[in-house]
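Dear colleague,

I am handing over the structure we talked about, and below it you will find my notes on what turned up when I went through it. Please read them with the structure open beside you.

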Amino acid sequence: MDNTSTHLWKDWRLHLVVLVIVIITELIGTHEIPVGAGAILLLPMLYAVIIGLAAFFTPLINKVQSRKAESLVFMSVTLLIAKFGVQAGPALPELIKAGPALIFQEFGNLATILVALPVAIMLGLRRETIGMTHSIGREANLALISEKYGISSPEGRGVVSMYIFGTIFGAIFLGVTSGLFASILPISPLSFAMATGIGSGSMTAASLGPLVAMYPEQSELITAYSGASNLLTSVTGLYMSIFIGLPLAEKYYSWVTKLKSKRRG
């Protein structure tokens, strides 16, 4: 273990802050807000993200500890992915029954391009929209855009902005919308479980929590579907961005901007 790893575990203030946040969020517990025919499920993880974000702007956490916390998050997400894999093993027969659904649902991740790109252009953004909408903007996508366009390019600024936004608000947004959509839409919880696998461990965990709480009798199967979907997205997501997502975003951007120019003319 190198000195950096040793310092991570020796920072008692960081661990104490995390412990206090965990205790507070567990004491708050799970709450449900009725919305029409459905409900928004508020889980302790959601409170933990908000309190942790607020703690960053206090003397309790400095920038050095924030960087250490980022490394520890990656470690915990690794354990989470391992748990997904262990739970997916016994459910392999059920996953095989899902057949092409698990594979073709990967194309659903491209919907952000079709929906978000025109909206971003209408809001006045230009080539930043390519970096922002070609994927969910995690580490692999950040590297892809940096390699192709450069991190200081408009596309680079777009993907960096989405990376930061996703890091801060991604888990909160998905944790709220997952429970809301699952309670309103008459769709199988297994379909929602597959939809949670977007290639981000923290976001997958946040969106999986409400589903497990709403369907405890299917919790193991839901977790298996979610884990398999997330693993598949993690493996194929970069290739999907390279061969389909990014070229599609480029072509779609050109088409939308030309259409916008014609309407102005």
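With which residue does E128 form a salt bridge? Please bear in mind while looking that this is a predicted model. The partner of E128 is R157, and the closest N and O atoms of the two are 3.5 Å apart. Because E128 belongs to helix α8 and R157 to helix α10, the pair ties together parts that are 29 residues apart in sequence. The two partners also differ in their cover, since E128 is buried with a relative accessible area of 18%, whereas R157, at 45%, counts as partly exposed. For E128 the cut-off is worth keeping in mind, because buried means under 20% relative accessible area.

The other salt bridges

A search of the whole structure finds three salt bridges, and R127 takes part in a salt bridge with E155, in which the closest N and O atoms are 2.4 Å apart. R127 sits in the loop between α7 and α8, while E155 is in helix α10 (residues 154-184), so this pair connects parts that lie 28 residues apart in sequence. R127 is partly exposed, with a relative accessible area of 27%, but E155 is buried at 4%.

R127 also meets the side chain of E250 in a salt bridge, at 3.0 Å from N to O. Here E250 is in helix α13 and R127 in the loop between α7 and α8, so the parts tied together are 123 residues apart in sequence. E250 is partly exposed, its relative accessible area being 21%. Through shared partners, salt bridges join R127, E155 and E250 into one network. As general background, side chains of opposite charge can pair when their charged atoms come close.

The chain as a whole

The chain has 265 residues, of which 39% count as buried, and its secondary structure consists of 13 helices and two strands. Among the contacts with a separation of 6 or more, 72% are between residues 24 or more positions apart. The chain exposes about 15000 Å², and carbon and sulfur atoms supply 71% of that area.

The nonpolar cores

The largest nonpolar core has 14 residues, and I113 and L117 are those with the most contacts inside it. Two or more residues of this core come from each of α7 (111-122), α9 (139-148) and α13 (219-264), and α13 gives the most, with six residues. If neighbours within four places in sequence are left aside, I113 is in contact with P118, T133, H134, G245, L248, A249 and Y252. There is also a second, separate core of ten residues, which includes A193, M194, L211 and I222.

The nonpolar surface patch

On the surface, F104, F107, L114, V115, L238, Y239, I242, F243, I244 and L248 make a nonpolar patch of about 960 Å². Both α7 and α13 supply at least two residues of the patch, and α13 gives the most to it, with six residues. One of the patch residues is L238, which lies in helix α13 and counts as partly exposed at 30% relative accessibility. L248 belongs to the patch and is also listed among the contacts of I113.

Two further residues

N230, like L238, can be found by following helix α13. N230 is buried, with a relative accessible area of 1%, and its side chain is joined to that of T204 by a polar contact of 2.9 Å.

L43 is placed in the loop between β2 (38-42) and α3 (44-56), and with a relative accessible area of 14% it is buried. Not counting residues up to four places away in sequence, L43 touches T30, G209 and P210. L43 and E32 are eleven residues apart in sequence, and their C-alpha atoms are 8.8 Å apart in space.

If you have time for one region to begin with, you could start from R127, which bridges to E155 and to E250, and then follow α13 to the patch and to the largest core.

With best wishes

Key
Residues are numbered from 1 along each chain as its sequence is written. This is a predicted model: local features need pLDDT of at least 70, side-chain atom pairs count only at pLDDT 80 or more; totals for chains, interfaces and linings use all residues. Side-chain values use heavy atoms; hydrogens and water are left out. A nonpolar core is a set of buried Ala, Val, Leu, Ile, Met, Phe, Trp, Tyr and Cys residues joined through side-chain atoms within 4.5 Å. Buried means under 20% relative accessible area, exposed over 50%, partly exposed in between (1.4 Å probe, protein chains only). Helices (H or I, at least four residues) and strands (E, at least two) are DSSP runs, numbered from the N terminus. Contact means heavy atoms within 4.5 Å. Patches are made of residues with over 30% relative accessible area and no salt bridge: like charges are joined within 9 Å, nonpolar side chains (Val, Leu, Ile, Met, Phe, Trp, Tyr) within 5 Å. Accessible areas come from the Shrake-Rupley method with a 1.4 Å probe; for residues, only the protein chains shown count as cover. A salt bridge is a side-chain nitrogen of Lys or Arg within 4 Å of a carboxyl oxygen of Asp or Glu. A polar contact is a pair of N or O atoms within 3.5 Å; within protein, one must be able to donate a hydrogen and the other to accept it, and residues adjacent in sequence count only if both atoms are side-chain atoms.
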